[in-house]
Amino acid sequence: MKRSELVDSSAIKMPTLHGNFQMMAYETEDPTGQPTLVLVKGDVLGRENVLVRFHSECLTGDVFGSLRCDCGLQLQHTMQMIEEAGSGVIIYLRQEGRGIGLVNKMKAYRLQEQGLDTVEANERLDLPVDAREYDACKVILDDLGVASIRLITNNPDKIDKALALGINVQDRVEIEIEPFYENKQYMITKKIKMGHLLSEV
């Protein structure tokens with residue numbers, strides 16, 4: 001994997017509501033052909049304990065502000081955390097719907113409207129509950145020269161997969177978003193059935 005030819009080999013400036021970042025794109029082996037996007041704050045070369053989030057794309061939450069999940073707010077909160085810390089990395093993985101894709105996620109939403117939870121809906125559709133992979137994260141962190149990370153996540157499986165890839169995870173940083181009425185059951189399912197480390201549900 002290498003930097004995508006869609007952008008110049010150097011990062012571009014990305015001013016945001018949460019401060020100024022540098023953005024770059026990496027080629028990806030994802031079947032959609034979409035690049036993996038990376039936001040970097042500060043100097044991370046050779047740094048230990050860098051704040052990092054592996055954020056899987058959620059069009060409905062990240063772009064449209066859907067209250068079915070906590071994805072969009074997690075992304076915004078992560079950006080603010082990194083801004084306050086002065087440095088960090090967000091790796092934006094094109095793994096919509098935990099890897100099942102947008103259309104399948106919409107099909108799962110329809111089943112959820114009929115009373116199934118997010119796990120049951122995927123199983124009814126013969127889809128994996130979580131098909132995400134994080135190989136790209138190892139390549140990108142190595143390319144950026146990050147020595148070790150503090151991973152922003154509530155998902156123990158994400159930590160386990162990162163460690164298995166040889167990513168030096170020194171610590172977990174929690175990122176809890178107070179649930180809304182619309183995503184309360186979704187959050188409960190993540191905690192009970194998927195093992196997410198949540199206390200607000």
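**Surface patch, annotated sites and the largest cavity**

In this predicted model, a nonpolar patch on the surface is formed by Leu67, Leu73 and Phe180, which together have about 220 Å² of accessible area. Leu73, one of the patch residues, is placed in helix α2, which covers residues 71–85. With a relative accessibility of 38%, Leu73 is classed as partly exposed, because this class lies between the 20% limit for buried residues and the 50% limit for exposed ones.

The UniProt record, an unreviewed entry, assigns the feature "active site" to Asp130 and Arg132. From this set, Arg132 is included in the lining of the largest cavity. Asp130 is located in the loop that runs between α5 (118–124) and α6 (135–144). The relative accessible area of Asp130 is 22%, and this residue is therefore partly exposed. When residues up to four places away in sequence are not counted, Asp130 is in contact with Arg98, Asn155 and Met194. Of these contacts, Arg98 also appears in the "binding site" feature of the unreviewed UniProt entry.

That "binding site" feature is listed by UniProt for Arg53, Phe54, His55, Ser56, Glu57, Gln74, Glu96, Gly97, Arg98, Thr118, Thr153 and Lys158. These positions span 106 residues in sequence, and the two farthest C-alpha atoms are separated by 22.6 Å, so the set does not all gather at one spot. The lining of the largest cavity nevertheless takes in Arg53, Phe54, His55, Ser56, Glu57, Gln74, Gly97, Arg98, Thr118, Thr153 and Lys158 from this set. The lining of the largest cavity thus draws on residues annotated under "binding site" and on Arg132 from the "active site" annotation.

Among the "binding site" positions, Arg53 belongs to strand β4, which comprises residues 50–56. Arg53 has a relative accessible area of 6% and is accordingly buried, since the limit for this class is under 20%. Leaving aside residues up to four places away in sequence, Arg53 touches Gln74, Thr78, Val89, Ile90, Ile91, Leu151, Ile152, Thr153, Lys158 and Ile175. These contacts include Gln74, Thr153 and Lys158, which are themselves listed under "binding site" in the UniProt entry.

Val103 was also examined. This residue lies in helix α4, formed by residues 102–113. A relative accessible area of 55% places Val103 in the exposed class, for which the value must be over 50%. Val103 and Asn183 are 80 residues apart along the chain, and a distance of 20 Å separates their C-alpha atoms.

Conventions:
Residues numbered from 1 in each chain as written. Predicted model: local features only at pLDDT ≥ 70, side-chain atom pairs only at ≥ 80, totals over all residues. Heavy atoms only, no water. Patch = residues over 30% accessible without salt bridge, like charges linked within 9 Å, V, L, I, M, F, W, Y side chains within 5 Å. Areas by Shrake-Rupley, 256 points an atom, 1.4 Å probe, with all protein chains shown as cover. Salt bridge = Lys/Arg side-chain N within 4 Å of Asp/Glu carboxyl O. Helix = DSSP H or I, 4+ residues; strand = E, 2+ residues; numbered from the N terminus. Buried < 20%, exposed > 50% of the residue type's maximum accessible area, 1.4 Å probe, protein only. UniProt positions renumbered as here; feature names shortened; annotations may be inferred. 1 Å grid on protein atoms, 1.4 Å probe; cavity = no way out; pocket = protein on both sides within 12 Å on 5 of 7 lines; lining within 4 Å. Contact = heavy atoms within 4.5 Å.
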